[in-house]
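Colleague: Hi, I'm new to this one. Could you put it on screen and walk me through it?

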Amino acid sequence: MPEANANELLQLVPKAEGKQSMKDFKSDQEVRWCPGCGDYAVLAAVQGFMPELGLAKENITFVSGIGCSSRFPYYMNTYGMHSIHGRAPSIATGLATSRRDLSVWVVTGDGDALSIGGNHLIHALRRNVNLKILLFNNRIYGLTKGQYSPTSEVGKITKSTPMGSLDAPFNPVSLALGAEASFVARTVDSDRKHLTSVLRAAADHPGTALVEIYQNCNIFNDGAFEVLKDKERAEEAVIRLEHGKPIRFGSEGSKGVVRDPLTGDLGVVTVTEENQSQILVHDAHNPSPTTAFALSRLADADTLHHTPIGVLRSVERPVYDALMSDQLDAAIEQHGKGDLSNLLAGNDTWTVVG
Amino acid sequence: MTSQVSSPAGKSDEASEAVVGEQRAPQLVRSGAAEKEIRRLDRVIIRFAGDSGDGMQLTGDRFTSETASFGNDLSTLPNFPAEIRAPAGTLPGVSSFQLHFADHDILTPGDAPNVLVAMNPAALKANIADVPRGADIIVNTDEFTKRPMAKVGYAESPLEDGSLEAYNVHPVPLTTLTIEALKEFGLSRKEAERSKNMFALGLLSWMYNRPTEGTETFLRSKFAKKPAIAEANVAAFRAGWNFGETTEDFAVSYEVAPASQAFPTGTYRNISGNLALSYGLIAAGRQADLPVYLGSYPITPASDILHELSKHKNFGVRTFQAEDEIAGIGAALGASFGGSLGVTTTSGPGVALKSETIGLAVSLELPLLIIDIQRGGPSTGLPTKTEQADLLQAMYGRNGEAPVPIVAPKTPADCFDAALEAARIALTYRTPVFLLSDGYLANGSEPWRIPETDSLPDLRTRFATGPNHELADGTEVFWPYKRDPETLARPWAVPGTPGLEHRIGGIEKQDGSGNISYDPANHDFMVRTRQAKVDGIQVPDLEVDDPAGATTLVLGWGSTYGPITAAVRRLRAAGETIAQAHLRHLNPFPRNLGEVLRRYDKVVVPEMNLGQLALLLRAKYLVDAQSYNQVNGMPFKAEQLATALKEANGA
């Protein structure tokens with residue numbers, strides 16, 4: 001089966017003539033998120049990073065669902081569709097599979113992607129459609145004014161859960177890995193550099209790339225990720241993953257991730273002379289998702305302690321759009337280009353003469 | 001067996017149609033070589049009935065193919081349970097296939113069979129009520145043993161208790177004869193038994209002088225990988241034929257001449273509704289010079305369209321089997337945004353799930369075809385049975401004011417033209433369009449005059465390529481909601497077009513610029529404009545068939561065309577005066593509809609629902625349209641409709 005590598009796939013999208021700047025990607029629409037919203041930082045990062053890709057901006061399309069983050073396409077001076085709640089991955093799938101010359105981005109939130117649209121998300125991931133999905137996770141419903149979301153911690157007190165929420169949350173990275181995702185990453189709104197590096201890796205990935213972006217909702221869930229942002233606490237809380245490097249964190253890399261030889265599970269240890277050689281080296285390209293999954297489970301759902309960020313998984317596997325297009329070519333090769341007259345006539349006809 | 005033409009007129013469909021002259025009396029024809037008589041008939045209705053696993057649909061399909069290639073006019077009615085294998089030998093497990101064929105133009109699969117082939121007691125019991133006295137019944141006597149009879153409540157054998165005295169019963173040990181005929185093939189008893197449907201087909205093919213080469217070729221290609229099974233089936237088929245020719249029980253065979261005089265000149269084939277619809281979609285893509293993109297989720301009775309289109313990727317057709325109904329239409333709409341002819345196929349329950357996306361398509365004003373093959377509802381309802389009860393769902397089943405044009409095919413072959421018409425409206429007016437077919441049209445078949453591809457409508461459309469608006473400061477810009485003044489359609493600017501980057505969405509838009517707008521006056525304007533666009537769609541005037549100046553009009557839509565027309569012919573043949581018209585467009589209605597309705601003292605609307613079209617007519621035109629309804633999962637019978645119309649006409 002013919003396959004295109006990342007480079008070839010990206011080459012289907014025409015390059016921009018001349019140099020682009022961040023300004024080229026700003027639309028004329030006034031941005032209407034709440035002042036202080038984490039979405040601003042993500043928007044700026046995306047607009048700032050787009051010129052790096054050097055793609056013709058008319059060949060870039062942003063598709064979103066419903067929610068605060070889903071207003072995103074209005075602010076990008078590219079093609080865009082603000083669709084309906086949860087359905088952006090399905091609409092983007094139709095667009096990407098019919099137009100391989102487009103770079104298609106999906107912008108969604110924790111409610112949009114994981115609650116009402118959960119089905120479409122997992123199926124896009126397993127198909128490996130050439131989509132870049134930016135999942136803004138603020139662990140709350142913002143646009144409907146503050147109900148708990150499928151990523152909220154258990155016991156969350158909100159307007160709809162005055163006695164605390166009962167649902168166990170999803171871990172979006174674990175979910176994506178379980179759904180056969182070929183690329184899964186996590187980043188944080190406030191870390192522009194890290195965010196940009198993850199976006200770059202996603203853009204370079206052929207197939208579906210899921211990027212979970214921890215995003216602060218300063219109105220309804222302010223400080224939800226503070227532990228990951230506060231310089232002192234973040235050292236202990238955040239595990240920065242880099243492909244090919246030992247997984248160490250904490251003050252001066254004092255903590256490390258090791259595999260328990262008995263269970264195969266991962267755990268955090270204080271690094272010593274003796275165990276230094278056992279610290280796990282991150283392999284984002286491991287064909288098996290098992291270790292990436294175990295890494296995603298290190299994070300505590302309540303406190304977010306030991307949250308891995310960076311690219312957890314990035315493996316190449318056949319891309320749905322390419323496969324679909326190959327079948328069309330193969331059909332023409334096998335049967336010739338379709339001839340309507342022959343098709344309509346079929347094999348079993350009779351003639352009536354006047 | 002003369003009952004086939006001399007059965008009481010009231011008993012058989014279209015008995016009084018005088019399309020090709022007088023109904024002919026049976027002629028005695030001595031065939032040259034054979035001893036047996038051949039009688040000439042003008043039309044026959046055959047029903048094959050058996051267990052779901054007996055292959056009755058295949059048998060019916062083959063007989064239909066033979067009949068089509070012989071040149072008869074025909075109409076078919078497959079009828080099967082939703083279960084793939086209902087419990088064997090039970091009444092719910094009975095599957096049947098009715099075929100009406102004639103030497104003249106016919107309109108329905110017929111009310112009552114002239115011949116019933118019953119493969120087991122359940123098939124006999126489930127169908128006998130439809131069989132008029134004097135008709136032929138061929139039964140597989142091997143199945144009339146104690147247990148199979150007890151399963152359906154026959155205490156005594158109906159073949160022996162005299163209950164079938166009024167019929168012409170042909171007891172044939174089909175299973176035994178088939179096994180006997182195949183004993184050379186070294187098959188197990190069970191394997192050999194499975195060919196009994198081909199034995200029955202062979203026998204019926206002899207009785208009605210059908211050509212046989214087609215079936216033999218078909219069997220050899222169907223079982224190409226199992227040549228022994230192919231040859232066994234061919235042998236059973238031939239054995240059935242020979243059995244008819246040699247046994248004394250079948251003293252006469254019949255001839256139904258080709259219907260050449262009833263048809264305009266041309267090349268014909270047999271076609272089912274779903275196949276015609278699939279071809280219509282492929283043709284629409286070609287005529288529009290756009291790639292077809294089908295996003296669909298399997299659902300009875302629409303899945304065949306997904307299957308068919310999936311076979312034709314060499315036409316550039318993309319088919320996407322989505323994770324659910326919503327994703328099916330989502331992908332189709334996404335493809336439309338990208339410049340494809342987006343299509344989604346489904347049935348009523350699927351339409352319910354797609355409603356929100358249809359509303360989005362109304363708001364985005366992108367072309368999109370929503371094909372609804374209606375089935376019995378509500379909820380899961382009757383998946384394999386027919387109904388027309390999604391009209392109001394198609395018309396109004398969305399939040400907000402969300403008008404969607406609706407077209408409906410009237411016969412299986414007409415599904416081809418209806419698909420092209422739906423595409424014309426979608427592309428010209430940049431709107432989602434409903435096509436309402438139903439289970440009866442989908443699975444039924446009839447001869448189709450294959451159109452010349454040059455004669456198909458030109459559906460080519462234009463993509464926007466540059467700015468369409470000048471701002472006050474002289475800047476040239478692209479406004480995605482600046483409309484064509486004639487059609488009110490907005491420009492279709494597909495991604496990849498430089499300079500026309502724009503954002504669209506489900507939030508209300510400012511007229512012209514398409515920017516988000518919550519302005520009350522603008523919303524009022526946009527709601528009215530979207531409605532005006534759909535109301536202004538150009539559709540042909542309604543044609544009325546009223547040769548004698550009637551006072552009663554019978555008005556239908558969709559698949560009731562055949563039964564209504566047959567009933568009207570019957571009434572006219574009996575001296576009644578009645579007018580008939582049939583709606584292809586349900587939204588918008590033809591411009592002259594109000595005037596047509598007001599011309600008649602009485603308007604009768606037969607529908608396979610509880611009066612949905614009648615409700616629309618009464619609301620829009622303030623006419624006292626009278627409903628005549630049936631919702632039993634089956635098409636109207638011409639006889640029953642004729643009686644109802646006669647009553648209405650006389651009252």
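Colleague: How many helices and strands does chain B have?

Modeller: Chain B comes to 21 helices and 26 strands, taken as DSSP runs (H or I of at least four residues, E of at least two) and numbered from the N terminus. Keep in mind that this is a predicted model, where local features need pLDDT of at least 70, side-chain atom pairs count only at 80 or more, and totals for chains, interfaces and linings use all residues. Residues are numbered from 1 along each chain as its sequence is written, with chains lettered from A and ligands numbered from 1 in the order written.

Colleague: And how much of chain B is buried?

Modeller: Buried residues are 55% of its 651, buried being 20 or more other C-beta atoms within 10 Å of a residue's own, with C-beta atoms placed from the backbone.

Colleague: What span does the C-alpha trace have?

Modeller: Along the principal axes of chain B, about 95 × 60 × 45 Å.

Colleague: New topic: how many residues does each chain bring to the contact?

Modeller: Chain A gives 52 and chain B gives 61, where contact means C-beta atoms, placed from the backbone, within 7 Å.

Colleague: Which element of chain A has the largest share of that side?

Modeller: That's α3(A), with 8 residues.

Colleague: Which strands pair there, parallel or antiparallel?

Modeller: β12(A) and β10(B), residues 266-272, run antiparallel over 4 bridges; pairing takes at least two DSSP bridges. In this pair, A:Thr351 sits opposite B:Thr267.

Terms used. A residue is buried if 20 or more other C-beta atoms lie within 10 Å of its own, exposed if 12 or fewer, and partly exposed in between; C-beta atoms are placed from the backbone. Two residues are in contact if their C-beta atoms, placed from the backbone, lie within 7 Å.
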